[in-house]
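Hello,

Here is the structure I promised to pass on to you. Have a look at it first, and then read on for what turned up.

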Amino acid sequence: MSINRTKKIVLAASVVVPFLLYCMYYYGMIIKNAPYKFAEFQSMVFKYGKGDSLVNQYNSKTGDYQYMTKDGHLVKKHLHLNKDELLFLHRKASDLGFWDFPANEQPRDTSRKVVSPHYYMEFNYAHKSKKVLYDDAFDGDPSLKDANQRLIKEIQKVLDEAEIRQNK
């Protein structure tokens with residue numbers, strides 16, 4: 001092996017190795033100090049309905065699930081989400097930036113008499129919780145509105161799939 005090649009390897013190692021160690025330390029601290037960790041996850045609450053009536057509800061802690069059918073019947077049942085489904089929802093909330101959502105996302109113009117769907121999402125952890133009340137007529141940041149709607153669709157999808165699984 002030539003001396004030039006050895007110098008290049010030593011130089012590269014003296015730059016790459018400290019950089020990798022720093023990255024591991026830096027990102028390790030970020031993960032360790034993450035505000036919402038799944039290891040501390042306790043429960044999720046999801047409610048929705050037209051206007052102020054949040055008659056459709058799910059609570060992962062109790063497993064209580066109720067919803068209004070299209071023909072106006074209230075269905076009450078026990079629905080258990082498994083750890084993988086809860087982890088999926090935790091990660092989806094994290095990916096969509098749920099932890100940075102404002103707590104109250106209502107339309108600015110409250111004089112309108114349009115009754116729009118409301119959604120309440122709550123993720124509870126050992127040391128803190130995050131609660132968001134979202135109105136479908138929210139007229140704020142479009143990307144925030146999109147993120148809310150995507151999270152709502154994912155939660156409803158997981159609940160629907162769990163209900164189908166339970167009915168088999």
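Before the details, one definition: two strands count as paired if DSSP finds at least two bridges between them. Please also keep in mind that this is a predicted model.

Let's begin with the strands. S1 (residues 41-50) and S2 run antiparallel and are joined by four bridges. One pairing to look for is that of Phe-46, whose bridge partner in S2 is Tyr-58. Between S1 and S2 the hairpin has five residues, and Gly-51 there takes a positive phi near 60 degrees.

S2 also pairs with strand S3 (residues 64-68), again in the antiparallel sense, over two bridges. Here Gln-57 stands opposite Gln-66 in S3. The hairpin of S2 and S3 has four residues between the strands, and Gly-63 in that hairpin has a positive phi near 80 degrees.

Which side chains of S2 are buried, and which are not? Along this strand (residues 56-59) they alternate: Asn-56 and Tyr-58 point to one face and are buried, while Gln-57 and Asn-59 point to the other face and are not. This fits a general pattern, as side chains in a regular strand alternate between the two faces of the sheet.

Now for the helix. Val-15 lies in H1, which covers residues 3-32. Its relative accessible area is 51%, so Val-15 counts as exposed, the cut-off being over 50%. Val-15 also belongs to a nonpolar patch on the surface, together with Leu-11, Val-16, Phe-19 and Leu-20. Together these five residues have about 490 Å² of accessible area.

Enjoy exploring it!

Terms used
Residues are numbered from 1 along each chain as its sequence is written. This is a predicted model: local features need pLDDT of at least 70, side-chain atom pairs count only at pLDDT 80 or more; totals for chains, interfaces and linings use all residues. Side-chain values use heavy atoms; hydrogens and water are left out. Patches are made of residues with over 30% relative accessible area and no salt bridge: like charges are joined within 9 Å, nonpolar side chains (Val, Leu, Ile, Met, Phe, Trp, Tyr) within 5 Å. Accessible areas come from the Shrake-Rupley method with a 1.4 Å probe; for residues, only the protein chains shown count as cover. A salt bridge is a side-chain nitrogen of Lys or Arg within 4 Å of a carboxyl oxygen of Asp or Glu. Buried means under 20% relative accessible area, exposed over 50%, partly exposed in between (1.4 Å probe, protein chains only).
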